[in-house]
Every structure is written in structure tokens, then in C-alpha cells.
Amino acid sequence: MLQRKLRLRHNTGFKAIFDKGKSYPGKYVVVYILKGPTKFGFVASKKVGNAVSRNRAKRLMREVIRRNLFFLKEDVQIICIARPIIKGVSYSEVENSIISSFKKAKVM
RNA sequence: GAAGUUGACUGGAUGAUCGCGGAAGCAGGGACCGAAAGGUCGCUUCUGAGGAAAGUCCGGGCUCCAUAGGGCAAGGUGCUGGGUAACGCCCAGUGGGGGAAACCCCAAGGAAAGUGCAACAGAGAUAUACCGCCCGGCCCUAAACAUUUUAUCUUAAUGAUGUUAAGUUAUGAUUUAUCUUAAUGAUUUUUAAGUUACUAUGUUUAGGGCCGGGUAAGGGUGGAAAGGCGAGGUAAGAGCUCACCGGCAGCCAGGUGACUGGCUGGCCCUGCAAACCCCACCUGGAGCAAGACCGAAUAGGGGAACAAUGAAACUGCCCGUUUCGUUCCCGGGUAAGGUCGCUUGAGGCCGUUGGCAACAACGGUCCUAGAUAGAUGAUCAUUACCUCUCAUAUGGGAGGAACAGAACCCGGCUUAUAGGUCAACUUCGUAU
């Protein structure tokens, strides 16, 4: 889990990134990126599954960000959206998917 | 040991590293975010998902809504007694059904208050006569009997006519004819008896048709056909009568009651009320985004008096209540800003007492998540469990590990759930 100050906590922040940010689709995760003070958000819709599956997806994505926070640029806002096929996938596969998206976006 | 029934429990464990939410303590010098309210940042310790946290189907607590009010309507519940804050829940019973049993299941008030529905089939569906059974009348057919008529045949008697033989008379003679006798019994008359056939009538029996009536035993249809079954009875039948069983009513006895048992009585009473309905009881509405407080920008809100009795809102309607117009006075409201509400509660565990039990009372003891784009995670190691596989006293490798995530809090119900554990009981088998 990230520190509270690094989390996106309000609808306005999410709307801004969705409207103005760029999207980088990956195999398991879609990433939206916008320049700004460092904040992260995580989304898992009901397509992913029940509450247990959605929580698991968000936790995996958070863990990826937490472990790679040191390598990221400091002026980006990122939203990670889980795709339905993320169900049952291990941590390392999700990490590879997200990092490849970040490299495409040149944020690390 | 096998099959089963019921109830209860469990829902992997240990460790390491990196992280997150909460609480308490220490530090209180500051820094950062924000317009403000307020929040964040350090160290230590403790603590952090479930049996269903789920579905949101019932019932409450709590909060607000004019005072939470009256009547109608609407909705819910529906055997009895108890438990409870309350319930559609639980316990104990009653009745009915299933099972060999342990045990399980039941929307289980009222159908003689009324209305309605009952497809198809069937003669007929709350009343019927299709087939059948029985009685009467008429008609037809067949048989038997009696009487009558006619006819045939047989037998007997009788006469007539024949045939054969002999004789007689007539004639010249023959033929022929007449007469007599005998034989024959061919044809036939009459009478009597018998037999057979037929006609008509009558009676009886059997069968058929039509008409009128009786019947609800039997047949078939159906979920259901006027209690069931047996005997008597009858023209045939029928609670028509009787025994037993079942239903109903009355009385008596037992039980708080549902109900049970006994006696008596007469047999009018198909099912559906998860159709309307009747009866009894219950229900105001909205929900923690309830609601309270704090604070900028922006918009403009509330109270009192007066006028009008129209409109709107409050639960669908009525009563009732409130608001809307004008004047005066006072400063307050907004889910996605913040803080509180927010976890001590109909609480858990242990014991005693009361109670068959649900449960209650008393005493002791414990405090056990509180997030808000929403914490409880990730990786690794060891080990327990299951499956597959290689070699096999055992070891190695691979894979699996259910249902599922608190969101104000409780009591229930329902649904999902891999694997495992325990207890009681039933039936069968084996051994003693």
C-alpha cells in the first residue's frame, strides 16, 4: 500500500487524468498517464469479478507501483485499470505488463 | 465394518524480508498540504475479515421527517402454548404426510356468510339417466300348450264303382249287356279314431323394437360422480335397515390450548381461499449518502404578523397539519470539503439457579477491525492435506487447495462452500 499522500482520493483528480492523460494499453493493465504532482489511482471494474477478485487486482497493481516507485519520474500522475483477464495471474506477469507500458510511455 | 439420520466444530500452520489501516504512549521543536475547517510527516508497543462478511428477504436498535395523529384503503402474518427488544425467527406440543427405522416435511384459520372458477374427457360437475338392471303398455319373431278351421296320410267300419272267375237271362251265334255269387281291395263316398301340416285366437317362455316409469348397485370418463365396506332387504335398487370404519352435530370427561377419548343422534354438506372474500393480529415514511457540528467562494434562506380559502406538499383518499402572496425582523444552508456519528453491545466466555427446551436471572471475567478511490497485501522458505507421475519398506518431481472481502450496529432466514474432525442415534453384517 502506498502512503496516503500519494493516492488519488477524489473524483476530480480521476476525471482530469482520464480527460487529458494518454493511455497505454497492456496485456493485463491499461495505464493512463498525465504530468503533475505524483499521484496514483487504481481501478478494477465489476467486469473483473467479485469483490475478492477486484481487491486482489488492485493490490497487485499497488505492489508493482510500490516496488518500482524509486525508478519512476517524479512529475507524473498514473491510473492503472485492471482488465478482466487479470484474474488468476501471478505478480511477476502483472509487473512485466505494467513496466513495459511505463517504458513505452518513457516515464522510467 | 457398511449404509444412513441428526447436531456441533474446523475453514491450513510456522518463519523471514518489504509494505498498509487503526489505537495507545513518548516527543512536542518544527516542516508540508489546504482558502479555511482540518489533515500529514518521527519512534516504540499492541492490534487488523467471515461462517456465511454474500443475497438484502424479514425483524429491531439508532437518526431525521409538521404532533408521528384519526378513519378508509393497501400490505403482511395465519394450528396451539411459550421465548424474545422484535420477527415471517427459535423451542415445546397438536394434527396431517413420507420412511423399515433413526428421523424428515407441511402457507396447517374459515368452503352450512356470499360471489366466482373447475380446461379436456364424460350421459351428467352440484347436478345427471348414456349403457346397464327392474316394472308396465304396445308391436314383432321363435318355441311349447290349448281350442278352432282346412287339408294330407294311416287304420277300422260302410256303401258305390271297378277287376278276375263261375253261373243265369236276352240273342241264331259270338261279342256285348243285365243280374247273382265268390274272390280281390285298385279307385272312391261317408263316419269314427289317430297323425302331420297350416290358419286364427289365447296362455306361457325366450329374444328384439318403441313408449312410459323406477333405480344410483355395476360400466366407462375424470383430480373429484352424492360417505367406505359387508349383510339383510327389494321388481331392480337405494343409509331403506343393521354391524364396523370415516365425517358432522350435541353432551360428558381430560388438557392453559391446538386437540384427544367416550356416549347419543340423524345422514343436507365435491375441490379450489398461494381466486375474490370473511375472521383474528400486526404495520406512519425515509434511511448513516440517516443526522449533528465547523468553514471559504457562490447562490439566497428562516421566523412573526396580515390577507385569501385557491393551489401544492405531507402515504393512495378523506379529516388534519404545513407552505405558497405582502410587510417587518434575524443570520443561516450545500452527498461526492473536513470533523463527529463509529463501534461497550438486546456483547463474548465461565459458573450457579429456574425451565423438557428456546431462554431468563444472578455472579465473575474479557474488550476483540473501524477503512472512506475504501487497510488486512506481495515475495520466498519449511511443513501438514489431496491428485498425478518416476523409481518403490521410502524418497524425488509436477500440479491443486473451496465459497468468498467488514462499510452504522444487532437478531434471524435464504443461498454458496474443497477438504477434514467429533458426538449421539438407526438398520444390516461379522466376531465374542
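**Exercise 1. Two helices crossing**

Work out the handedness of the crossing of helix 2 and helix 3 in this predicted model, and describe how they meet.

*Solution.* Start with the hand: helix 2 and helix 3 cross in a right-handed sense. Next comes the geometry, where their axes come within 10 Å and cross at roughly 65°. Now look at who touches whom. Helix 2 brings Leu60, Met61, Glu63, Val64 and Asn68, while helix 3 brings Tyr91, Val94, Glu95, Ile98 and Ile99. Finally, sort these residues by class: the contact has 7 nonpolar, 1 polar and 2 charged residues.

**Exercise 2. Laying out the sheet**

Find the strand order of the open sheet, and explain why one side of strand 1 and of strand 3 is left without a neighbour in the sheet.

*Solution.* The sheet has 4 strands in the order 1-2-4-3, and its pairing is mixed. Strand 1 and strand 3 stand at the edges with a single partner strand each, so one side of each has no neighbour in the sheet. From one strand to the next, the twist averages 20°.

Let's go through two of the pairings. Strand 1 (residues 22–25) runs antiparallel to strand 2, joined by 4 bridges; Lys22, for example, has Ile33 as its bridge partner. These two strands form a hairpin, with 3 residues between them. Strand 2 also runs antiparallel to strand 4, this time through 7 bridges, and here Tyr32 is partnered by Ile79.

Now add the helices. Helix 2 lies across strands 2, 3 and 4, running at about 155° to strand 3. Helix 3 packs on the sheet as well, touching strands 1, 2 and 4, and its direction makes about 35° with that of strand 2.

**Exercise 3. Into the core**

Identify the elements that give two or more residues to the largest nonpolar core, and follow the contacts of Val29.

*Solution.* The largest nonpolar core has 23 residues; Val29, Met61, Cys80, Ala82, Val94 and Ile98 have the most contacts inside it. Strand 2 (29–35), helix 2 (51–68), strand 4 (76–82) and helix 3 (91–105) each give two or more residues. Strand 4 gives the most, with 6 residues. Beyond its neighbours within four places in sequence, Val29 contacts residues including Met61, Cys80, Ala82, Val94 and Ile98.

**Exercise 4. A loop lysine**

Decide whether Lys47 is buried or exposed.

*Solution.* First place the residue: Lys47 is in the loop between strand 3 (39–43) and helix 2. Then count: Lys47 has 11 C-beta neighbours inside 10 Å, and therefore counts as exposed, the cut-off being 12 or fewer. One last step along the chain: Lys47 and Arg83 are 36 residues apart, and their C-alpha atoms are separated by 7.9 Å.

Notes: Residues are numbered from 1 along each chain as its sequence is written. Chains are lettered from A and ligands numbered from 1 in the order in which they are written. This is a predicted model: local features need pLDDT of at least 70, side-chain atom pairs count only at pLDDT 80 or more; totals for chains, interfaces and linings use all residues. A nonpolar core is a set of buried Ala, Val, Leu, Ile, Met, Phe, Trp, Tyr and Cys residues joined through C-beta atoms within 7 Å. A residue is buried if 20 or more other C-beta atoms lie within 10 Å of its own, exposed if 12 or fewer, and partly exposed in between; C-beta atoms are placed from the backbone. Two residues are in contact if their C-beta atoms, placed from the backbone, lie within 7 Å. Axes are lines fitted to C-alpha atoms, for helices over the stretch in contact, and angles run from 0 to 180 degrees between N-to-C directions. A crossing is left-handed if the near helix is turned anticlockwise from the far one by less than a right angle, and right-handed if clockwise. Ala, Val, Leu, Ile, Met, Phe, Trp, Tyr, Cys and Pro count as nonpolar, Asp, Glu, Lys and Arg as charged, and the others, Gly among them, as polar. Two strands pair if DSSP finds at least two bridges between them.
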